[in-house]
Amino acid sequence: MIPVMVPEYCKGCNICVMVCPRKVFDRGDEPSPLGYFVPVVARPEDCLNHGLRRGERLRCELCWYSCPDRAIEYEEE
Ligand code: SF4
Ligand code: SF4
């Protein structure tokens, strides 16, 4: 499972970029349709949940809990 941003919700605050202990995200440099710089999942293989399948217990949800706009979801690779 890896995190992905939902561009319709993300406000580009970059909290997720700062809290991730594995530095999975980079700051975005392309404005979303709403005009926010949505971070990029630059190193998904470094996420602590990389390799887990849907339904398995996640090892880390720090970015998910930290996002004030609920703009992060987990997807199976
Ligand atoms: S789940 Fe944890 S390790 Fe994975 S991207 Fe979010 S904060 Fe980083
Ligand atoms: S914490 Fe949420 S709203 Fe802020 S940049 Fe990350 S995904 Fe976007």
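**View 1. The shell around ligand 2 has 10 nonpolar, two polar and two charged residues.** Welcome to this predicted model, which we will tour in a handful of close-ups. In this opening view, ligand 2 is surrounded by 14 residues. Take a moment to find the closest of them: Cys10, Cys13, Asn14, Cys16 and Cys67.

**View 2. Ligand 1 has a shell of 13 residues.** By class, 11 of these residues are nonpolar, one is polar and one is charged. The closest to ligand 1 are Cys20, Cys47, Asn49, Cys60 and Cys63.

**View 3. Strand β1 pairs with strand β4 in the antiparallel sense.** Here β1 covers residues 2-5, while β4 covers residues 72-75. Four bridges join the two strands. Look along β1 and you can see its side chains taking turns: Ile2 and Val4 point one way, and Pro3 and Met5 point the other way. Ile2, Pro3, Val4 and Met5 are all buried.

**View 4. Met5 of strand β1 stands opposite Ile72 in β4.** In sequence, Met5 and Ile72 are 67 residues apart, yet their C-alpha atoms lie 4.7 Å from each other in space. Met5 has a relative accessible area of 12%, so it counts as buried, the cut-off being under 20%. Leaving aside neighbours within four places in sequence, Met5 is in contact with Cys16, Phe25, Val38, Pro39, Val41, Ala71 and Ile72.

**View 5. Ser32 sits in the loop between β2 and β3.** To find your bearings, β2 spans residues 25-26 and β3 spans residues 40-41. Although Ser32 belongs to a loop, this serine is buried, at 11% relative accessibility. Once neighbours within four places in sequence are set aside, the contacts of Ser32 are Pro7 and Val38. You may recognise Val38 from the previous view, as Met5 is in contact with Val38 too.

**View 6. Trp64 and Tyr65 form an aromatic pair.** A search of the whole structure finds one such pair. The arrangement is edge-to-face, with 5.0 Å from centre to centre and 90° between the planes. How exposed are the two partners? Tyr65 counts as exposed, because its relative accessibility of 56% is over the 50% cut-off. Trp64 is partly exposed, at 26% relative accessible area.

**View 7. The charged end of Arg70 sits over the ring of Trp64.** The distance from that charged end to the ring centre is 4.4 Å. Trp64 therefore appears in two of our views, since this residue also pairs with Tyr65. Arg70 itself lies in the loop between α2, residues 62-66, and β4. With a relative accessible area of 46%, Arg70 is partly exposed.

**View 8. Lys23 and Arg70 have positive phi values.** Most residues other than glycine have a negative phi. For Lys23, phi is about 55°, although this residue is not a glycine. Arg70, also a residue other than glycine, has a phi near 50°. Where in the chain is Lys23 found? Look in the loop between α1, residues 15-19, and β2. Lys23 is partly exposed, with a relative accessible area of 48%.

Methods. Residues numbered from 1 in each chain as written. Chains lettered and ligands numbered in written order. Predicted model: local features only at pLDDT ≥ 70, side-chain atom pairs only at ≥ 80, totals over all residues. Heavy atoms only, no water. Phe/Tyr/Trp six-rings, centres within 6.5 Å; stacked < 30°, edge-to-face > 60°. Buried < 20%, exposed > 50% of the residue type's maximum accessible area, 1.4 Å probe, protein only. Lys NZ or Arg CZ within 6 Å of the ring centre and 35° of its normal. Contact = heavy atoms within 4.5 Å. Near = heavy atom within 4 Å. Nonpolar A, V, L, I, M, F, W, Y, C, P; charged D, E, K, R; others polar. Pairing = 2+ DSSP bridges.
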